[in-house]
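Notebook open, structure loaded. I want the overall layout, then one charged residue, then the pockets.

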Amino acid sequence: MKPSTKKSAKTKIQETAWELFLAQGYEETTISQIIERSGTSRSAFYHHFRGKDELLFSVAYTYDLRYQDWVDACPKDLHAVDKLISFNDYIFKALEDSPYRSLYSLLYGLQVSTTGTRHILNPDRQYYQILRSITKEGIEKGEIISPHSYTELSNMISSFQIGTTYSWCLQRGQHSLFQYGKELLTPFLESLRAPR
């Protein structure tokens with residue numbers, strides 16, 4: 001039996017919203033337009049999302065699917081610091097090349113001002129799970145030396161990455177996020193490498 005290729009209502013709503021945000025702007029897009037264009041219902045919309053801002057925030061979770069591709073392709077015996085450097089490069093390249101990059105400034109701005117869930121910082125995201133897994137394994141194997149716990153170290157790395165991306169948004173993408181992120185974070189990540 002073939003697996004179903006039918007998109008869920010949630011996926012239809014998300015994809016339609018993102019297309020509309022890109023085409024006509026976030027402020028100009030209405031919930032009614034999203035519902036009508038996605039071919040879903042108002043009840044389906046509010047079953048999955050509290051409002052338009054949650055649709056924008058959900059962009060962050062699309063990257064997590066790509067990050068799993070990195071995990072699957074990453075050699076298991078790679079040194080933990082080299083994994084962190086590779087993951088860092090992958091993250092910045094994915095963000096810079098994303099069709100949704102024009103939405104980042106708004107996404108970050110709304111996440112700062114929201115009183116609801118800060119999705120970018122959700123510790124259950126695949127992104128954070130990967131960082132914690134690499135740092136934990138690296139510390140346990142003696143490949144990473146740090147006075148911090150693996151959780152603290154993961155949070156430091158994510159803070160560097162988020163800050164670098166936010167700065168890039170503020171500067172309206174005037175430089176390569178990938179190159180800038182590599183130059184800024186690689187020395188810090190290398191400083192974690194245990195002496196051979």
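Read off the order of elements first: from the N terminus the protein chain goes α-α-α-α-α-α-α-α-α-α. That is ten helices and zero strands. Note to self: this is a predicted model.

Checked the extent next. Along its principal axes, the C-alpha trace spans about 60 × 50 × 30 Å. Of the 196 residues in the chain, 44% are buried. I also looked at contacts with a separation of 6 or more: 66% of them join residues 24 or more positions apart.

Then I went to Glu-96, which sits in helix α6 (residues 80-97). Does it count as buried or exposed, and which side chain of opposite charge is nearest? Glu-96 is buried, and the nearest such side chain is Arg-101, 4.9 Å away. A salt bridge has to fall within 4 Å, so that pair doesn't make the cut, and Glu-96 has no salt bridge. What I did find is a polar contact at 3.1 Å between the side chains of Glu-96 and Ser-176. Leaving out residues up to four places away in sequence, Glu-96 touches Arg-101, Trp-168, Ser-176, Leu-177 and Phe-178.

Last stop, pockets. The largest one comes out at a volume of about 320 Å³. It is lined by 17 residues, and Lys-10, Gln-14, Ser-58, Tyr-61 and Thr-62 are the closest to its centre. The elements giving two or more residues to that lining are α1 (9-24), α4 (52-57) and α5 (59-73). Which of them has the largest share? I get α1, with five residues.

Definitions and conventions:
Residues numbered from 1 in each chain as written. Predicted model: local features only at pLDDT ≥ 70, side-chain atom pairs only at ≥ 80, totals over all residues. Heavy atoms only, no water. Helix = DSSP H or I, 4+ residues; strand = E, 2+ residues; numbered from the N terminus. Buried < 20%, exposed > 50% of the residue type's maximum accessible area, 1.4 Å probe, protein only. Lys, Arg positive; Asp, Glu negative; His and termini not counted. Polar contact = N/O pair within 3.5 Å; in protein donor to acceptor, adjacent residues only side chain to side chain. Contact = heavy atoms within 4.5 Å. 1 Å grid on protein atoms, 1.4 Å probe; cavity = no way out; pocket = protein on both sides within 12 Å on 5 of 7 lines; lining within 4 Å. Points joined across faces, edges and corners; volume = space filled by probe spheres on them.
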